[in-house]
Amino acid sequence: MTASAISELRRTVADLHRELTRYELVIWTAGNVSARVPGQDLMVIKPSGVSYDELTPEAMVVTDLHGNLVEGDHSPSSDTAAHAYVYRHMPEVGGVVHTHSPYATAWAARGEPIPCVLTMIADEFGGDVPVGPFALIGDDSIGRGIVETLSGSRSPAVLMRNHGPFTIGKDARAAVKAAVMVEDVARTVHFAHQLGTPKPIEQHHIDSLYARYQNVYGQ
């Protein structure tokens, strides 16, 4: 990938951070988006502790897949080790997102999966949204928890226990979409619980809905 292509990826990642604020998934400087640099052992990620208003393409940083700074004027996000671990162990992943979106994080605080009680959950997540283990911030413990939980799962989202949601995708935009969707279903299922016990969808219907959405839906 050329320098101009990496520059364009920095612009894409900077723009996608605005989606996190548009959908009210983050507060202050929390949360981050990253994108794998195709064909290279590099990623573009948000800098640490920088206001969302200041997240220009030039503010984005490039690191290797062990979190070492390669290009940029800022220190990378405090969650860089987690993102890097995911890219090293899930080669199909091109984007990773972390937020503290309130409803999904509330489910993470309870350590409770979001049950598959809506067709949209079957469509997007292929079943329950799973809970990952508790992990401390700063090394690749969170990344290990994400990979262990999502490997073999159809869900692009995991609720890391006592922390919040992490989402993955074929690219950064797909990971952002999953972050938006997991917050939406977390909120709706929370409301459903206020009215009673939501009814689960039978597994064969989940399988059918997931296959249709993944293979037929859209243009």
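Here is a walk through the structure shown above, taken one region at a time. Keep in mind as you look that this is a predicted model.

Let's begin with the broadest label. UniProt, in an unreviewed entry, places the feature "domain: Class II aldolase/adducin N-terminal" at residues 11–190. Such annotations may be inferred rather than shown by experiment. In the model, the span from 11 to 190 is 37% helix and 18% strand, and the C-alpha atoms at its two ends lie 35 Å apart.

Now let's look for aromatic rings that meet. How many aromatic pairs does a search of the whole structure find? The search finds one. Its partners are tyrosine 103 and phenylalanine 191, whose ring centres are 5.9 Å apart; their planes stand at 70 degrees, so the pair is edge-to-face. That label follows because planes over 60 degrees apart count as edge-to-face. The pair links distant parts of the chain: tyrosine 103 sits in helix α3, which covers residues 102–110, while phenylalanine 191 belongs to helix α6, residues 172–195. Along the chain, the two are 88 residues apart. Are these partners buried or exposed? Each is in between: tyrosine 103 is partly exposed, at 27% relative accessibility, and phenylalanine 191 is also partly exposed, at 44%.

Another ring has a charged neighbour. Arginine 154 lies over the face of tyrosine 210, at 4.6 Å from the ring centre.

Next comes the largest pocket, which has a volume of about 570 Å³. Its lining is made of 20 residues, and those nearest the pocket centre are Glu124, Lys170, Ala174, Lys177 and Gln214. Which elements give two or more residues to this lining? They are strand β8 (164–169), helix α6 and helix α7 (203–215). Helix α6, which you met in the aromatic pair, provides the largest share of the lining, with five residues. By chemical character, the lining divides into nine nonpolar, four polar and seven charged residues.

Two of those lining elements are worth a second visit. In strand β8 you will find isoleucine 168. With a relative accessible area of 11%, isoleucine 168 is buried, because buried means under 20%. Isoleucine 168 and valine 93 are 75 residues apart in sequence, yet their C-alpha atoms are 6.4 Å apart in space. In helix α7, find arginine 212, which is partly exposed, with a relative accessible area of 37%. The C-alpha atoms of arginine 212 and aspartate 123 are separated by 7.7 Å, although these residues are 89 apart along the chain.

Finally, follow the backbone into two loops. Tryptophan 28 is in the loop between α1 (3–22) and β1 (32–36). Its phi is near 55 degrees, a positive value in a residue other than glycine. Tryptophan 28 counts as exposed, at 76% relative accessibility, because exposed means over 50%. Asparagine 162 has its place in the loop between β7 (157–160) and β8. The phi of asparagine 162 is positive too, near 60 degrees, and this residue is likewise not a glycine. With a relative accessible area of 49%, asparagine 162 is partly exposed.

Key: Residues numbered from 1 in each chain as written. Predicted model: local features only at pLDDT ≥ 70, side-chain atom pairs only at ≥ 80, totals over all residues. Heavy atoms only, no water. Phe/Tyr/Trp six-rings, centres within 6.5 Å; stacked < 30°, edge-to-face > 60°. Helix = DSSP H or I, 4+ residues; strand = E, 2+ residues; numbered from the N terminus. Buried < 20%, exposed > 50% of the residue type's maximum accessible area, 1.4 Å probe, protein only. Lys NZ or Arg CZ within 6 Å of the ring centre and 35° of its normal. 1 Å grid on protein atoms, 1.4 Å probe; cavity = no way out; pocket = protein on both sides within 12 Å on 5 of 7 lines; lining within 4 Å. Points joined across faces, edges and corners; volume = space filled by probe spheres on them. Nonpolar A, V, L, I, M, F, W, Y, C, P; charged D, E, K, R; others polar.
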